Amino acid sequence: MGELVADKHVRYILSVEKKKDSFESVVMEHLRMNGAYWGLTALDIMGKLDTVDTNEVVSWIMSCQHESGGFGGNVGHDPHILYTLSAVQVLALFNKLDVVDVDKVTNYIVSLQNEDGSFSGDIWGEVDTRFSYIAICCVSILHRLDRINVEKAVKYIISCKNMDGGFGCTPGGESHAGQIFCCVGALAITGSLDLIDKDLLGWWLCERQVKSGGLNGRPEKLPDIMSGMLLMVGSF
Amino acid sequence: MHGRPRKPLKEEDESVLSAKAEKLRLLQSQFLANHQNRIYSKEALDLSAKLLENNPECYTAWNYRKLAVQHNLSQSDSDSVASLFDQELKLVENALRKNFKSYGAWHHRKWVLSKGHSSIDHEMRLLNGFQKADPRNFHAWNYRRFVTDLMKRSDEDELKYTEEVIGENFSNYSAWHNRSAILSNLLKRKAEGFSHKEKVLQEEYEHVRNAIFTDPDDQSGWFYHLWLIDQTVKNDAPLLVSSWPSRGSTITLNGHGNNRLHGLSLLNSTLSGTTTLPIILYFNQAVEGINSSTVAVKSEILKEDLVWKPLSVNNSSTAQVWVVYLKLGNMELQLSKTYSIEITIGYSAGIVSSNGYHYGYPSQIAFELCVQTAHTEPVEGQYPKLTSWKDSDFQKVDHFEESNFVASTDHHIPTTSNWCREAIDEEITNYQDLLSDCKIGKLTLARLLTALDLLSPEHDKRKKHTEEILKLYTELMKLDPTHSLYYKDEHSLVLLQQITSSEESLLPHCHYYKDATETNTSYVCLRLQNLLLSRMGSIKNLLWVQMLDLSHNELRSIEGLEAMQLLSCLNLSHNKLGSFTALGPLRSLKSLKVLNISHNELGSHSIDTRRYLCSSPLAHTEVFAWDRFEILCGSYSATKFWEAFLIFESLNLTDLNITGNAVADENFTSFIVKVLPTLKYLNDEEL
């Protein structure tokens, strides 16, 4: 079996960070906060987090925070729960959570929880179980899990459980590896994994592996790396 | 994009792309400036439209559009309001053409629709056209759910739609899924025409048969079929399926001392010096609301309300098993007198399952308690002897004597309608040929046969299909080795169900354990070694067990064991337990004294895949005794031992065997001895 060429991966990640003018970089400018999380976590796993300038990253992150406490995907972009989590994750990675007002961020997340326990992505109201996971994960990192209504959040997630044991983005939504990762993750953090039909879901997840060995996100779809990653984590 | 290989760019392509990037960057920075300064002029709006048509993922631009609409609404007359929104819809259409999976685009459309100025009928027409082109797009299905809700389209109409879509292409998992969701809804609220579950399921079986026979390789039909089987077999309402003590049993206790009971031990038990008696209620699914208002316990020996506890591995308030402990030591029980205890479950509403169904009808259990003088007095300060698990220490049980030996297995199971059994029977007949050669076919047959056996009453002498089912799973392990662990688990469950289903089948596995110190008493051990068990099951039939030998199997988990509240001696040696978190269920076993976990894989795996299944400081549901832990750890690396600490800190073991595990080095061994102050024997040696 081959070995991971770690150095090449590190060089690639650092080069992407610098190439702000490439087409890919521009078209994804609005989600640079997510990109930062993925890239920096990868560097950290390879033990190379010190190759980036911590202060530069931290000050850029803080410049993306809004009055509401939420973070945007890049400077000038509106706050959204997606980028708020990435921001908190990156700060936690650098052990710099002390630079942020934890309660302010928590309040932003709390303000996004709806009556039925679900979470909106931002003030415009899009609801998705992805946001449930993001909210729970974020306040969990900040040690403020008790500030959201955990019971209702869990009830909402369970209401998105389907005939195959999987989860969709909203009640009645089709099971999808990505949503399953988010729902299982949220239930794990809140200690509610007993509410999952483990055997049924486990079987559905195993069936995502196709003959080539790759993993697809839903039945009768092509395999891809994103689904592969989400599935491996969800299967735990 | 899926399935496309990456190719390095050619030089000409690079410069084109570079120009494109520059244009986009300019567009985006101009947009951000407009947004920042709240400029909503026509020019600014056109710019944002251009941006979104190029890059629909730029979420801030969708927000901007909404702000612009709100701003311009206040300044326009009623005529132009509709066109204002039409403009937005047109933009979404263009954006979706660029990327029909754009969350931002779909949500913007929902936002526009919810304002109420657009034609919903037009939306449905557009949607139908879109879904014809891509019937698997889940954004479209979600949007459909939104629109049909807005126009209050009936579930019945939507059900017909799924039928149409499936009719065009049977391999439409999305359509089958939606069908299951709509049907569940109709069945749950007993809508007109859907109040007879049987009739509905009958039709569904016919529907899915067409799909499966047309293309047996496609998964959609099979998953739906599995759901149908589950709907046919399951009992929505929570029910009590087992208890200890069981209905009509007599529990005999040995009393030591005159009137004051110094200790009680169950007849034929290794328990001694204990003064609590558990009462265990085992339901068919997880429930909440078990308390003194919903469960009444009547007896002359009880003076106060009892507190019922849910037995769940992670401190949840819902559980399939509930227990209460009678503090017999505090009661004044007279020798040779029989006390009766009556338990009424569900005498008032409040017991609810996690999917909202209430306990059906009140059920009752009554049993008797009797105290007799012990044959021998226990010697003060006497050490318990080292438990040996050798064959020579066991003697087969010829026949069962006491009625409190084995829990009765048919508690309150309502007679299932004949239709369910017939439906499953028919499925087996219909699919017999199809099911024989492919993997999913064999699995479905195994599941159908299991369902059939489940629906047959326990006392039915008609031959059960256990052998056939076991054979199918064994074949599946060879046919589909990547999923062999799953088949192994199912095989274990079926085997355990067979063994524990009756006294006759249990008898060969029951042995007396001879202990020389108490000559007149011999405890019964349930011996289940060498059965290739990879998981436990049928625990509802094993609540009476005090001594259990599960050695020489392939157990990776002991989930369910937390219900075995009488367990005091447990042998798990020579299994495949790979982490301390897998031993989580043991934490609930307050009576456990003897534990053998030698020759497992504790410490062999660097990653614990079970970590989140059990309580841990990471799961936020546990109060972790950090202080005591740190003191006991001393200079050792804390992370190495905290899982073990979590398991053992609440147990009162007298005998522990951990040899043959990678984790059991000197450091660990001395740590565990400190955690267990009651320990007398370690690794078969006296401490």
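This is a conversation between a student and a tutor about a predicted model with chains A and B.

Tutor: Some ground rules: this is a predicted model, where local features need pLDDT of at least 70 and side-chain atom pairs count only at pLDDT 80 or more, while totals for chains, interfaces and linings use all residues. Residues are numbered from 1 along each chain as its sequence is written, chains are lettered from A and ligands numbered from 1 in the order in which they are written, and side-chain values use heavy atoms, with hydrogens and water left out.

Student: What makes up the pattern of chain A, helices or strands?

Tutor: Chain A has 11 helices and zero strands. Helices here are DSSP runs of H or I with at least four residues, strands are runs of E with at least two, and both are numbered from the N terminus. Read in order, the pattern is α-α-α-α-α-α-α-α-α-α-α.

Student: How do you know whether chain A agrees with a compact globule?

Tutor: Use the radius of gyration, taken over C-alpha atoms; the globule rule is 2.2 Å times the number of residues to the power 0.38. For 236 residues a compact globule would come out near 18 Å, and chain A has 18 Å, so the two agree. Its C-alpha trace spans about 50 × 50 × 30 Å along the principal axes.

Student: Why is A:His80 called buried?

Tutor: Buried means under 20% relative accessible area, exposed means over 50%, and partly exposed is in between (1.4 Å probe, protein chains only). A:His80 has 6% relative accessibility, so it counts as buried. You'll find A:His80 in the loop between helix H4 (54–62) and helix H5 (81–93) of chain A.

Student: Which residues is A:His80 in contact with, leaving aside neighbours within four places in sequence?

Tutor: Contact means heavy atoms within 4.5 Å. With those neighbours set aside, A:His80 is in contact with A:Phe71, A:Tyr108, A:Gly121, A:Asp122, A:Phe131 and, over in chain B, B:Tyr59.

Student: And why does B:Pro677 count as exposed?

Tutor: B:Pro677 has 67% relative accessibility, so it lands in the exposed class. B:Pro677 lies in the loop between helix H19 (666–675) and strand S18 (681–682) of chain B. In sequence B:Pro677 and B:Leu651 are 26 residues apart, with 9.8 Å from C-alpha to C-alpha.

Student: What about B:Leu586, buried or exposed?

Tutor: Buried: the relative accessible area of B:Leu586 is 0%, so the call is easy. B:Leu586 also lies in a loop, the one between strand S15 (569–571) and strand S16 (594–596) of chain B. Beyond four places in sequence, its contacts are B:Ile558, B:Leu570, B:Leu592, B:Leu595 and B:Leu651.

Student: What makes a set of residues a nonpolar core?

Tutor: A nonpolar core is a set of buried Ala, Val, Leu, Ile, Met, Phe, Trp, Tyr and Cys residues joined through side-chain atoms within 4.5 Å. The largest one has 217 residues, and B:Leu570, B:Leu595 and B:Phe648 are among those touching the most other members. Helix H9 (residues 177–189) of chain A gives the most to this core, with 10 residues. A second, separate core of 39 residues includes B:Leu32, B:Tyr40, B:Ala44 and B:Tyr143.

Student: How many residues of each chain count as buried, as a percentage?

Tutor: In chain A, 54% of the 236 residues are buried; in chain B, 51% of the 687 residues are. Chain B has 19 helices and 19 strands.
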